[in-house]
Amino acid sequence: PLAVIAALRRNIVEAWDAELFDLPFRKGRWFGQTFVNACDPAIMQAVFLDQVDRFEKSVAQQRVLRPIVGDGLLTVEGEAWRTQRRAAAPAFRHAALLRLLPVMADVAEATVARMGAGPDGEPVDVAPLMTGAAADVVMHTLLAGDESFDVAAGGAIASRYMNAMGKPDLLDL
């Protein structure tokens, strides 16, 4: 348990073992709460779409995500969730995503080039690069190149959030 706690403090992904991704789902208890990790696409579809009303968003999810997304798709439930999901659905249809692919590929290539620009063999802090890449994709896709969106300011806000609150605290979980 102490090794898991230490991993959670460093990076929550470190606490996930490889077996988790080979199973359709895994159920476990942690600090008196039951958690279920789903990796099978059919189970995910049932949880996130077909039977969404049977699965409440966890208190941990609310505590971690609400400060950055407010009452957004990842935090609301019931009719508010259905309304937001219907509004967002067209943007995630296959044809719509295919139109965004060239922009995403360009951003990915530019990000890889930035990663390789440093001295050979030196570690690269990918967090700011990924924040910048995400902001670039948002800027050139969702905001359709809206120049009023300040990419640097948005990236700085996202970085501050991730550094200060974006890592789930053990008390959140």
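A salt bridge is a side-chain nitrogen of Lys or Arg within 4 Å of a carboxyl oxygen of Asp or Glu. In this predicted model, such bridges link Asp53, Glu79, Arg82 and Arg86 in a network.

**Figure 1. The whole protein, with seven helices and two strands.**
Along the sequence, these elements follow the pattern α-β-β-α-α-α-α-α-α. Of the 173 residues in the protein, 18% are buried. The accessible surface comes to about 12,300 Å², and carbon and sulfur atoms account for 63% of that area. Among contacts between residues at least 6 apart in sequence, 37% join residues at least 24 apart. A search of the whole structure finds seven salt bridges, and some of these appear in the two views that follow.

**Figure 2. The salt-bridge network of Asp53, Glu79, Arg82 and Arg86.**
Side chains of opposite charge can pair when their charged atoms come close. In one pair of the network, the side chains of arginine 82 and aspartate 53 meet at 2.9 Å, N to O. This pair links distant parts of the chain, 29 residues apart: arginine 82 lies in helix α4 (residues 78-88), whereas aspartate 53 lies in the loop between α2 (41-50) and α3 (59-69). Arginine 82 is partly exposed, because its relative accessible area is 25%. Aspartate 53, at 55%, is exposed. In another pair, the side chains of glutamate 79 and arginine 86 meet in a salt bridge with an N to O distance of 3.2 Å. Glutamate 79 has a relative accessible area of 46% and is therefore partly exposed, while arginine 86, with 52%, is exposed.

**Figure 3. The salt bridge between glutamate 19 and arginine 26.**
The closest N and O atoms of glutamate 19 and arginine 26 are 3.1 Å apart. Glutamate 19 counts as partly exposed because its relative accessibility is 46%. Arginine 26 also counts as partly exposed, with a relative accessibility of 26%.

**Figure 4. Helix α3 and the surroundings of glutamine 62.**
At the start of α3, a side-chain oxygen of serine 58 reaches to within 2.9 Å of the backbone nitrogen of glutamine 61. The buried residues of this helix are Ala60, Gln62 and Val64. Why does glutamine 62 count as buried? Its relative accessible area is 14%, and buried means under 20%. The side chain of glutamine 62 reaches the backbone oxygen of threonine 75 at 2.8 Å. When neighbours within four places in sequence are left aside, glutamine 62 is in contact with Lys57, Pro67 and Thr75. Threonine 75 thus appears both in this list of contacts and as the residue whose backbone oxygen the glutamine 62 side chain reaches. Just after α3, glycine 70 takes a positive phi of about 60°.

**Figure 5. Helix α5 and its bend at leucine 100.**
Helix α5 (residues 94-115) has 22 residues. From its first C-alpha to its last, the helix reaches 30 Å, close to the 32 Å expected at 1.5 Å a residue. Where does α5 bend? The bend, of about 40°, is at leucine 100, and proline 102 follows within four residues. The buried residues of α5 are Ala96, Val107 and Thr111. An α-helix has 3.6 residues a turn, so residues three or four places apart point the same way. The buried residues of α5 pack against α6 (126-142), the helix shown in the next view.

**Figure 6. Threonine 141 in helix α6.**
Threonine 141 counts as buried because its relative accessibility is 14%. What does the side chain of threonine 141 reach? The side chain comes to the backbone oxygen of valine 137, at 2.4 Å. With its neighbours within four places in sequence left aside, threonine 141 is in contact with Leu100 and Val103. Leucine 100 is also the residue at which α5 bends by about 40°.

Notes:
Residues numbered from 1 in each chain as written. Predicted model: local features only at pLDDT ≥ 70, side-chain atom pairs only at ≥ 80, totals over all residues. Heavy atoms only, no water. Expected span 1.5 Å × (residues − 1). Bend = angle between axes of the 7 residues up to and from the residue. Buried < 20%, exposed > 50% of the residue type's maximum accessible area, 1.4 Å probe, protein only. Contact = heavy atoms within 4.5 Å. Areas by Shrake-Rupley, 256 points an atom, 1.4 Å probe, with all protein chains shown as cover. Polar contact = N/O pair within 3.5 Å; in protein donor to acceptor, adjacent residues only side chain to side chain.
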